[in-house]
Amino acid sequence: MGVQYLSWNYDQMGIVATLHLAEETENTTAWQRFLPTGPVAFLPLDSKRSSLVWSTTHAHAKELVKLPEEQFVDALNDAMWKQYPRRSTVDACTMWVGGMLRRAGLPDGAERQLPPSVRAIVPASRAAFPFAFGHSTKYIAPGVVLVGDAAHRVHPLAGQGVNLGFGDVKDLTDLLADALYTGLDISHHSWLQSYESVRQRHNVPTQMAIDALYRLYSLDVAPLVLVRSLGLQLTNAFHPIKKLIMSHATT
Ligand SMILES: Cc1cc2nc3c(=O)[nH]c(=O)nc-3n(C[C@H](O)[C@H](O)[C@H](O)COP(=O)(O)OP(=O)(O)OC[C@H]3O[C@@H](n4cnc5c(N)ncnc54)[C@H](O)[C@@H]3O)c2cc1C
């Protein structure tokens with residue numbers, strides 16, 4: 001297409017696998033735990049199985065994919081359950097904010113649910129992929145329209161990659177349907193141009209927000225730990241903020 005493509009690699013790889021859970025549960029919650037090496041996430045498939053996305057350093061990922069499956073499961077349960085040292089100043093601030101929220105009748109973020117344990121992985125379901133950011137400055141060219149990861153790549157920590165692609169397809173088909181309905185040429189530049197504008201207005205800020213989240217969670221300095229802890233606590237407490245983020249993420 002001869003267009004510019006802006007990209008950078010994250011210093012992380014994602015290990016994916018299909019997991020058999022230790023116990024049958026309702027399994028309707030997606031779990032994500034932010035570890036010093038990157039987030040580990042369980043995404044529900046059915047009452048007995050979840051899908052794994054374990055983001056970690058290249059060296060650690062290479063070790064993990066080589067481990068015998070039983071040892072991999074032990075390492076995974078350890079990653080999900082291990083207790084890390086906590087920062088007492090951050091805990092003190094979140095407890096204080098939690099108290100204020102409770103007094104105001106809002107959720108204080110203190111309630112805890114437990115993630116499921118993993119019994120085994122589906123044999124040979126493990127694989128590792130590198131993570132990168134990618135942005136094509138143009139989504140269209142004569143005879144070409146980019147959708148999905150061809151147009152944009154994001155770190156999967158927010159689980160948004162597929163949604164962005166689905167949004168592209170929906171907006172493109174809506175615009176083409178409008179063009180057909182009004183009897184216009186669907187390959188006309190102005191139709192495709194409005195697809196590009198609409199999608200870039202949505203995708204680029206989402207990509208930048210995900211990149212910022214990645215950076216926010218990559219650093220382990222007390223003020224940033226405090227900012228992200230309070231950010232999550234307040235987002236959880238104020239339903240309109242939560243709803244706004246959810247509605248952006250699902251369009
Ligand atoms: C480890 C990992 C975890 C992820 N987790 C999540 C998540 O939890 N939630 C989420 O929403 N997103 C997640 N994503 C992102 C998500 O997988 C992608 O956004 C999504 O798959 C993009 O879909 P796509 O159809 O645009 O591209 P792809 O899925 O990449 O499909 C492109 C297809 O084209 C084929 N292809 C490429 N070149 C050619 C060619 N020259 N000729 C023919 N075929 C070709 C490829 O083989 C591929 O099958 C994750 C990604 C990774 C790597």
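In this predicted model, helix 4 and helix 5 cross in a right-handed sense. Helix 4 spans residues 161–181 and helix 5 spans residues 189–218; their axes sit 10 Å apart and make an angle of about 160 degrees. Angles over 145 degrees count as roughly antiparallel, so helix 4 runs roughly antiparallel to helix 5.

As for who touches whom, the helix 4 side of the contact includes Leu-164, Leu-172, Leu-175 and Leu-176, along with Gly-167 and Ala-179. Three aspartates, Asp-168, Asp-171 and Asp-178, are also on the list for helix 4. Across from them, helix 5 brings in Trp-191, Leu-192, Ser-194, Tyr-195 and Val-198, and then Arg-199, His-202, Asn-203, Thr-206 and Gln-207.

On the annotation side, an unreviewed UniProt entry labels residues 137–201 as "domain: FAD-binding". In the model, that stretch comes out at 52% helix and 9% strand. The C-alpha atoms at the two ends of residues 137–201 are 12 Å apart.

Turning to strand 1, which covers residues 5–21, one residue to look at is Gln-12. Its relative accessibility is 7%, and the cut-off for buried is under 20%, so Gln-12 counts as buried. The side chain of Gln-12 has a polar atom 3.1 Å from the backbone oxygen of Thr-37. Thr-37 also turns up among the contacts of Gln-12 once neighbours within four places in sequence are set aside, together with Gly-38 and Pro-39. The rest of that contact list is spread along the chain: Ser-55, Thr-56 and His-58, then Pro-130 and Phe-131, and finally His-155 and Tyr-214.

Two loop residues deserve a word for their backbone angles. Most residues other than glycine have a negative phi. Asn-27, however, has a positive phi of about 45 degrees, and Ala-124 has a positive phi of about 60 degrees. Asn-27 belongs to the loop that links strand 1 to strand 2 (31–35), while Ala-124 is in the loop between strand 5 (118–121) and strand 6 (127–136). Are these two residues buried or exposed? With a relative accessible area of 12%, Asn-27 falls under the 20% cut-off and is therefore buried. Ala-124 has a relative accessible area of 72%, which is over 50%, so Ala-124 is exposed.

Technical notes. Residues are numbered from 1 along each chain as its sequence is written. This is a predicted model: local features need pLDDT of at least 70, side-chain atom pairs count only at pLDDT 80 or more; totals for chains, interfaces and linings use all residues. Side-chain values use heavy atoms; hydrogens and water are left out. Helices (H or I, at least four residues) and strands (E, at least two) are DSSP runs, numbered from the N terminus. Buried means under 20% relative accessible area, exposed over 50%, partly exposed in between (1.4 Å probe, protein chains only). A polar contact is a pair of N or O atoms within 3.5 Å; within protein, one must be able to donate a hydrogen and the other to accept it, and residues adjacent in sequence count only if both atoms are side-chain atoms. Contact means heavy atoms within 4.5 Å. UniProt positions are given in the numbering used here, feature names are shortened, and annotations may be inferred rather than shown by experiment. Axes are lines fitted to C-alpha atoms, for helices over the stretch in contact, and angles run from 0 to 180 degrees between N-to-C directions. Angles under 35 degrees count as roughly parallel, over 145 as roughly antiparallel, 65 to 115 as roughly perpendicular and the rest as oblique. A crossing is left-handed if the near helix is turned anticlockwise from the far one by less than a right angle, and right-handed if clockwise.
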